[in-house]
Amino acid sequence: MSILERPRVRPSAPAQKKKVPIRRDPARTRERILQAAIGEFSEKGLDGARVDEIARRSRANKRLIYHYFGNKEELFLAVLEHAYDDIRRAEASLNLDGLDPETAMRRLTEFSFDYSASNPHFIHLVNCENLYGARHLQQSKRILKLNSPVIEMLRRILDRGQREGVFRSDVDPLQLYVSIAGLAYFYFANNRTLSAIFGRDLSSPRAIAARRRHVLDFVMAALAPKPRTNGGAPRHG
């Protein structure tokens, strides 16, 4: 058979690619929105933040944001809860119950300072909420459950230290936590104004390291048992 007599073979049609359905991951999308909102709210505050910008940052459309969070104020509350959840999870991961009381207290104090130093967005968000009189946190159904464990953890550390004679016996765990948090928070929340009024760069690594040592020494000195005189009896003025 000659080439001309051979039957023509029609080329087969190209195989059609099957459309792969796009997998939606609501949890991941929600987390992207939250992370974008953290940046927007911490930089611009509640009033200055824009949902359009959060949508751009998160690569999610506005309808999804409203679907997951309702409105801008509810999104702000979700951001605050997320921020507190993050710090509490980090505190829990320290496993302080397995340490001797002095080491545990040092570790918690160092953590509180370092967290404030490395998470300026947390300070900005708390500052913003304070401007609103904590009206969003007061509406939260989760915030008390998120923050109660840290006070109980401190109570356990204090109890162990008191039994071992290394801590004084009249320390309120809530007051102690506020003091530890405040010693770090105030320094970083007001770093620029403090630097300006005292003419020193308090944001330099050297200044921050000096402050860290001071905070740790300050807390541990405050927890030390009160000195006794006259054969062990407390001295009266």
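The following exchange concerns the two largest pockets of a predicted model.

Reader: What makes the space of about 510 Å³ a pocket and not a cavity?

Author: A cavity is a set of points where the probe fits but cannot get out, whereas a pocket is an open set. The space of about 510 Å³ is counted as the largest pocket, and therefore belongs to the open kind.

Reader: How do you know which residues line the largest pocket?

Author: A lining residue has an atom within 4 Å of a point. The lining comprises 20 residues, and Tyr 84, Arg 88, Asn 147, Tyr 177 and Ala 181 lie nearest the centre. Helices H4 (72-92), H5 (101-118), H6 (120-131), H7 (143-163) and H8 (173-189) each supply at least two residues. The largest share, six residues, comes from H8.

Reader: Why is Tyr 177 counted as nonpolar and Arg 88 as charged?

Author: The classes go by residue type: Tyr is listed as nonpolar and Arg as charged, so Tyr 177 and Arg 88 are placed accordingly. By class, this lining has 15 nonpolar, four polar and one charged residues.

Reader: What makes Arg 192 a charged residue in the lining of the second largest pocket?

Author: Arg 192 is among the residues lining that pocket, and Arg counts as charged, so Arg 192 falls in that class. The second lining has five nonpolar, six polar and one charged residues. The volume of this pocket is about 250 Å³.

Reader: Which helices supply at least two residues each to this second lining?

Author: They are H5, H6, H8 and H9 (191-198). H6 gives the largest share, four residues.

Technical notes. Residues are numbered from 1 along each chain as its sequence is written. This is a predicted model: local features need pLDDT of at least 70, side-chain atom pairs count only at pLDDT 80 or more; totals for chains, interfaces and linings use all residues. Side-chain values use heavy atoms; hydrogens and water are left out. On a 1 Å grid over the protein atoms alone, a cavity is a set of points where a 1.4 Å probe fits but cannot get out, and a pocket is an open set with protein on both sides within 12 Å along at least five of seven lines; lining residues have an atom within 4 Å of a point. Grid points are joined across faces, edges and corners, and a volume is the space filled by probe spheres set on the points.
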